[in-house]
Amino acid sequence: MTESRPTLSAEWIAEQADRLIPGKVRLLDQTRLPETVAFIETDDLETVREAICALRVRGAPAIGIAAAMGVAAALQRSASETGAALADDVARMADRLASARPTAVNLFWALDRMKRAATTHAALAPAAFKEQLAREAVAIRDEDAACCRRIGELGAELLRDGDTVLTHCNAGRLAVSELGTALAPVYVAREQGKTVRVYADETRPLLQGARLTAWELAQAGVDVTLICDNTAAQVMKEGRIQAVLVGADRIAANGDAANKIGTYGVAVLAHAHGIPFYVLAPTSTFDPAAPDGSAIPIEERAAEEVTCGFGRRTAPENVKVYSPAFDVAPASLVSAIVCERGVLRPPYADSIRRALSLD
Ligand code: MRU
């Protein structure tokens, strides 16, 4: 593990993460931010799986990229002597990583791509096979970067100079390959010379908004104000917010969008205050097999994350806890879904089918 104080820019740090370096995958340990910048460099599949489970690497696209790169790195160690045997290794590894977290569909999407690449290249000799699988993992990352850039450009058109947006959780540079999804329009608007300010929900219980969003935006020089989650209604009522921008972990065929717990509440609040609520995500986050949000599996997290989150007990021992990690904003509350193929508007059953070329 390499470690340093975070004097380097968040942009540089995020770009160094989710990289294949010779024979290994490099992941940024996001649980240690904002205090410490620590990279995990490994070719061990269980280390990658633990990193995903423990949210060392988190954010839907980043989870998928890390998993693909984890497979590619772990494959280098395999002693299997044929492409077909290596393809079996890939299938086993993918199944193992698929059990790490259930909600972000990007994980399954990326692992499916690796399995398909393995099938395609099963006739190759081992060295060439391993090279092709590494290429696939790098392609997944690079394509995500291009998606984020496009989402940023399309999303920036929805924002006016001087707007203030509210965001929940972290859907910025740290959650993807580069730039972000929900935060990409903020960065692109800035490149265009617009001033866009951000209110960041702190995002209980694991504080992705405070630890990650506030950190990466402040490092980029974006005007960011951190609020407790329960302050969102008040800042909307005070007229401080012109748009809500959130990411997604899985978007159902009808436009229902799963994202970090609390997103549903923010969507209800935005609707009540007449504020547009935008979901921004690459098409790798769409799950056309889920007809609506009720088909999206929602991860439940350990009670200790609520009762003893950062090393201090804040609730009685053995109190009952319910801690879903995600909730679903119903399509009826979503003003638009911004993906790399366009700004999708209701009815989402139609616009999503068109975006995914399913018609
Ligand atoms: O539990 P996390 O931190 O992985 O949850 C992340 C989110 O909910 C993000 O908003 C989502 O994955 C989109 S990231 C571009």
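Ala184, Pro185, Val186, Tyr187, Val188 and Ala189 are the buried residues of α7 in this predicted model. That puts 6 of the helix's 8 residues out of sight, and α7 (residues 184-191) counts as mostly covered. Beyond α7, there are two open sheets to look at, one of 7 strands and one of 4, plus a helix pair, α3 and α5, whose axes come within 7 Å.

**Around α7**

- Which elements cover the buried residues of α7? They include the helices α6 (126-156) and α8 (208-219), along with the strands β5 (164-167), β6 (197-201), β8 (243-246) and β11 (277-280).
- After α7 comes glycine 193, which has a positive phi, near 90°.

**The 7-strand sheet**

- Reading across this open sheet, the strands go β7-β6-β5-β8-β11-β14-β15, and the pairing is mixed.
- β7 (224-227) and β15 (342-344) sit at the edges with a single partner strand each, so one side of each has no neighbour in the sheet.
- From one strand to the next, the twist averages 25°.
- Inside the sheet, β8 and β11 run parallel and are joined by 3 bridges. Have a look at valine 244, which stands opposite phenylalanine 277 in β11.
- Helix α12 (residues 348-355) packs on this sheet, where it touches β14 (336-339) and β15. The direction of α12 makes about 155° with that of β15.

**The 4-strand sheet**

- Here the order is β12-β9-β10-β13, again an open sheet with mixed pairing.
- β12 (286-287) and β13 (326-329) are the edge strands, each pairing on one side only.
- Strand β10 (residues 257-260) and β13 run antiparallel, with 4 bridges between them. If you want one pair to find by eye, lysine 260 has phenylalanine 326 in β13 as its bridge partner.

**How α3 meets α5**

- How do the axes of α3 and α5 cross? Helix α3 (residues 60-75) and helix α5 (residues 105-120) cross at roughly 30°, which makes α3 roughly parallel to α5.
- The crossing of α3 past α5 is right-handed.
- On the α3 side, the contact takes in Ala60, Pro61, Ile63, Gly64, Ala67, Ala68, Val71 and Ala72. Facing them from α5 are Asn106, Leu107, Ala110, Leu111 and Met114.
- Sort the residues of that contact by type and you get 11 nonpolar, 2 polar and no charged.

Key. Residues are numbered from 1 along each chain as its sequence is written. This is a predicted model: local features need pLDDT of at least 70, side-chain atom pairs count only at pLDDT 80 or more; totals for chains, interfaces and linings use all residues. Side-chain values use heavy atoms; hydrogens and water are left out. Axes are lines fitted to C-alpha atoms, for helices over the stretch in contact, and angles run from 0 to 180 degrees between N-to-C directions. Angles under 35 degrees count as roughly parallel, over 145 as roughly antiparallel, 65 to 115 as roughly perpendicular and the rest as oblique. A crossing is left-handed if the near helix is turned anticlockwise from the far one by less than a right angle, and right-handed if clockwise. Contact means heavy atoms within 4.5 Å. Ala, Val, Leu, Ile, Met, Phe, Trp, Tyr, Cys and Pro count as nonpolar, Asp, Glu, Lys and Arg as charged, and the others, Gly among them, as polar. Buried means under 20% relative accessible area, exposed over 50%, partly exposed in between (1.4 Å probe, protein chains only). Two strands pair if DSSP finds at least two bridges between them.
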